[in-house]
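Here are my notes on the model you sent, set out as numbered points on a helix pair and on a pocket. Please read them with the coordinates open.

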Amino acid sequence: MARQGVIIVVSAPSGTGKSTIINWLMGHGELNLAFSISCTSRKPRGTERDGVEYFFVSPEEFRRRAEAGEFIEYEEVYRDRFYGTLKSQVDTMLAAGQNVVLDIDVKGAGNVKRAYGDRALTLFILPPSIETLRRRLEARATDTPEVIDQRIARAEFEMTFAPKFDCVVVNDRLEQAEEEALRIVKAFVDGARTA
């Protein structure tokens with residue numbers, strides 16, 4: 001029987017470098033990582049395509065699927081704007097032996113851990129400090145000061161969940177954070193291969 005894959009959940013406050021670290025990990029073919037595409041009720045932006053960046057559905061369809069128990073985790077971020085992880089997609093990827101990467105929030109990470117137990121690794125990326133995070137968000141120059149304040153408040157809340165994660169990586173220097181994340185993920189994947 002073919003080996004089942006495992007799940008790597010990565011969570012972090014906005015501006016911590018999570019996407020950069022995930023993309024770097026995805027480039028390591030020996031890990032056999034596959035990124036899970038989330039489902040959302042928002043409209044596609046720019047060149048986004050259904051089934052590539054997201055699975056796009058209406059708010060009504062999202063609610064119907066949520067009530068039917070089709071999501072491992074989901075959240076209504078704003079009124080009628082939902083994001084969630086489809087259980088069927090993750091289970092199909094796992095059955096194919098792929099190691100599934102989820103980029104989700106702290107509450108979703110807890111739901112995945114409860115659902116999959118030891119088959120899921122939860123990894124939290126921390127900024128070195130709130131002040132550093134604020135500087136990074138300001139340097140991106142993509143948000144208004146009000147939005148940055150909201151992101152900082154959310155980051156402070158999310159950081160209280162860090163002790164609940166299996167592993168925590170502080171992204172002070174990106175190269176070191178990437179290497180540490182790789183070491184953690186590789187050990188988890190290798191451990192699953194020998195189990």
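**Notes on a helix crossing and the largest pocket**

1. The crossing of helix 1 and helix 7 is right-handed, and I would keep in mind throughout that this is a predicted model.

2. As for the geometry of this pair, helix 1, which covers residues 18–26, packs with helix 7, residues 174–194, at an angle of about 55 degrees, and the two axes lie 10 Å apart. Because the angle falls outside the 65 to 115 degrees that count as roughly perpendicular and is not under 35 degrees, helix 1 is described as oblique to helix 7.

3. Turning to the residues that make this contact, helix 1 contributes T20, I21, W24 and L25, which meet L174, A177, E178, E179, A181, L182 and V185 of helix 7. By class, the residues of the contact comprise eight nonpolar, one polar and two charged.

4. The largest pocket in the model has a volume of about 1400 Å³, and its lining is made up of 38 residues, with K18, Y54, Y83, D103 and R151 lying nearest the centre.

5. Which elements give two or more residues to the lining of the largest pocket? They are helix 1, strand 5 (71–78), strand 6 (81–86), strand 7 (99–103) and helix 6 (145–159), and of these helix 6 gives the most, with six residues.

6. Regarding the chemical character of the pocket, the lining residues divide into 13 nonpolar, 12 polar and 13 charged. Helix 1 therefore deserves a look in both settings, since this helix packs with helix 7 at an oblique angle and also gives two or more residues to the lining of the largest pocket.

Conventions
Residues are numbered from 1 along each chain as its sequence is written. This is a predicted model: local features need pLDDT of at least 70, side-chain atom pairs count only at pLDDT 80 or more; totals for chains, interfaces and linings use all residues. Side-chain values use heavy atoms; hydrogens and water are left out. Axes are lines fitted to C-alpha atoms, for helices over the stretch in contact, and angles run from 0 to 180 degrees between N-to-C directions. Helices (H or I, at least four residues) and strands (E, at least two) are DSSP runs, numbered from the N terminus. Angles under 35 degrees count as roughly parallel, over 145 as roughly antiparallel, 65 to 115 as roughly perpendicular and the rest as oblique. A crossing is left-handed if the near helix is turned anticlockwise from the far one by less than a right angle, and right-handed if clockwise. Contact means heavy atoms within 4.5 Å. Ala, Val, Leu, Ile, Met, Phe, Trp, Tyr, Cys and Pro count as nonpolar, Asp, Glu, Lys and Arg as charged, and the others, Gly among them, as polar. On a 1 Å grid over the protein atoms alone, a cavity is a set of points where a 1.4 Å probe fits but cannot get out, and a pocket is an open set with protein on both sides within 12 Å along at least five of seven lines; lining residues have an atom within 4 Å of a point. Grid points are joined across faces, edges and corners, and a volume is the space filled by probe spheres set on the points.
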